[in-house]
Amino acid sequence: MKIGNDLFKRAQKLIPGGVNSPVRAFKSVGGNPVYIKRGEGAFIYDVDGGEYMDFCASWGPLILGHARPEVVEAVKESASSGMSFGTCNPREVEMAELLNEMVPYLEMMRMVNSGTEAVMTALRLARGFTGRNKILKFEGCYHGHADYLLVAAGSGLLTGGITSSAGVAPSAVADILVAHYNDTAAVKKIFEKYGKEIAAVIVEPVAGNMGLVKPEPGFLETLREFTSDSGAILIFDEVITGFRLAATTYGKICGITPDLTTLGKIIGGGMPIGAVGGKAEIMKKLAPLGPVYQAGTLSGNPVALAAGIATLNILKKENPYPRLAKFAKKITDAVEAEAKEKSFEIHCATEGGMFTIFFTDKKPLRNLDEIKACDTAKFANFFRAMLKNGIYLSPSQFELDFISSAHTEKDIDLFIESFRKSLSR
Ligand SMILES: Cc1ncc(COP(=O)(O)O)c(C=O)c1O
């Protein structure tokens, strides 16, 4: 038996589904997950000798590729001085100053250990600051696994949402409003009805968790306008987009300043991390300055910060972004041309160095309803064919793929070649 299959069998006895995060189980693409033991640059290597060009990048953090020497060195150096102190440490100050320099509207920030924690803190802050309870989110956007965010649109967009996970009390989502992404008219209606009760609007400014969906012109502007008018807090969840599309946030790129921003992934360079930051008057509500409680044994961990600081400094210095976007465009053009020639209905959505290959005849895709119409069975076959051809994509139709600065032009040509072969299968 293959070593990976044996590991999966053993894992399933002790770990629910054999995995520590559900999408790793390959449920939507079939087959057994691969067990990766090593990564270097753009490639990952499994326990059975398989080699794959990686476009999942640990779900986004590894914008510099695997085991970038400067990042590894920073981690080694930090770890050898102690893993955690539970005290103040100099890297917390260095990271805060770096983030403030790269995103000046992050006037104050707090480090946490995951994107989920960052979002929980942002929403508690919004409620504590405004004294209101309701939160508006958008269907298809994912903001971590806190109870009140595991919610789907109820019947009629103006009603509260319904839970999308067992174990979430209906009362936990009673104050959550859900609208379709890009639905400016729904946002207007919701604000007409609930404006003065809304504590926060939270949105992925470029959505990634239903596959790539871009904000239509006016959508984010409308959110800014309505939140400002009603005194609600606008939160951009940039756990994916932060430092992914430029050496700053998407808010900075598009010129819309949110009140709070949540970050994760890239700012930890592959180590567990999260951060919430924004307007000082809101951030000052956090304990110990204010009444909104938040804490963490390992928050501001020096080893995670060392990896993050090294990563951000490299991004600042090297500016890989135009190259990542050029590679993504090359992939999109080749994918769509090939699909057309072979009469496949495929749309490749791209933003900077991120892309999703959708099996659909529709384009562009604007929200989750449209995305749900994609042919997931075709995607599953395609994913497995790509894997056989040495390409590791994110294992779901509803996810992003990421190009890293370790990918070369030759790698991108290889991807296109594998895509052609996979489509023929
Ligand atoms: C936009 C967004 N917010 C929050 C999260 C949650 O982050 P974490 O998995 O680090 O808890 C994710 C995770 O993918 C995300 O994509």
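## Strand S9 and its neighbour S10

In S10, Ile 233 is the bridge partner of Ala 200, and the path of the chain that leads there, in this predicted model, runs from S9 through helix H6 (residues 219-230) to S10 in a right-handed β-α-β crossover. Strand S9 covers residues 198-203 and strand S10 covers residues 233-237, and the two run parallel, joined by four bridges. A further pairing between them involves Val 201, whose bridge partner in S10 is Leu 234. In a regular strand, the side chains alternate between the two faces of the sheet.

How much of S9 is buried? Six of the six residues of S9 are buried, so this strand is largely enclosed by the rest of the structure.

## Strand S5 and helix H5

Strand S9 also pairs with S5, and here three bridges join two strands that run parallel. Within this pairing, Lys 134 stands opposite Ile 198 in S9.

## The sheet as a whole

These pairings belong to an open sheet of seven strands with mixed pairing, in which the order is S4-S12-S11-S10-S9-S5-S8. Strand S4 (108-112) and strand S8 (176-180) stand at the edges, and because each has a single partner strand, one side of each is left without a neighbour in the sheet. From one strand to the next, the twist averages 20°. Helix H5 (residues 184-194) packs on this sheet, where it touches strand S5 (134-139) together with S8 and S9, and the direction of H5 makes about 155° with that of S8.

## Packing of helices H10 and H13

Two packed helices are described by the angle between their axes and the distance between the axes. For helix H10 (residues 321-341) and helix H13 (residues 409-424), the packing angle is about 20° and the axes are 10 Å apart. Angles under 35 degrees count as roughly parallel, and H10 and H13 are therefore roughly parallel to each other. The crossing in which H10 passes H13 is right-handed.

Which residues meet where these helices pack? On the H10 side they are Phe 327, Lys 330, Ile 331, Ala 334, Val 335, Glu 338 and Ala 339, and these meet Ile 412, Phe 415, Ile 416, Phe 419, Arg 420 and Leu 423 in H13.

Notes: Residues are numbered from 1 along each chain as its sequence is written. This is a predicted model: local features need pLDDT of at least 70, side-chain atom pairs count only at pLDDT 80 or more; totals for chains, interfaces and linings use all residues. Two strands pair if DSSP finds at least two bridges between them. Axes are lines fitted to C-alpha atoms, for helices over the stretch in contact, and angles run from 0 to 180 degrees between N-to-C directions. Two residues are in contact if their C-beta atoms, placed from the backbone, lie within 7 Å. A residue is buried if 20 or more other C-beta atoms lie within 10 Å of its own, exposed if 12 or fewer, and partly exposed in between; C-beta atoms are placed from the backbone. A crossover is right-handed if, with the strands pointing away from the viewer, the path from the first strand over the helix to the second runs clockwise. Angles under 35 degrees count as roughly parallel, over 145 as roughly antiparallel, 65 to 115 as roughly perpendicular and the rest as oblique. A crossing is left-handed if the near helix is turned anticlockwise from the far one by less than a right angle, and right-handed if clockwise.
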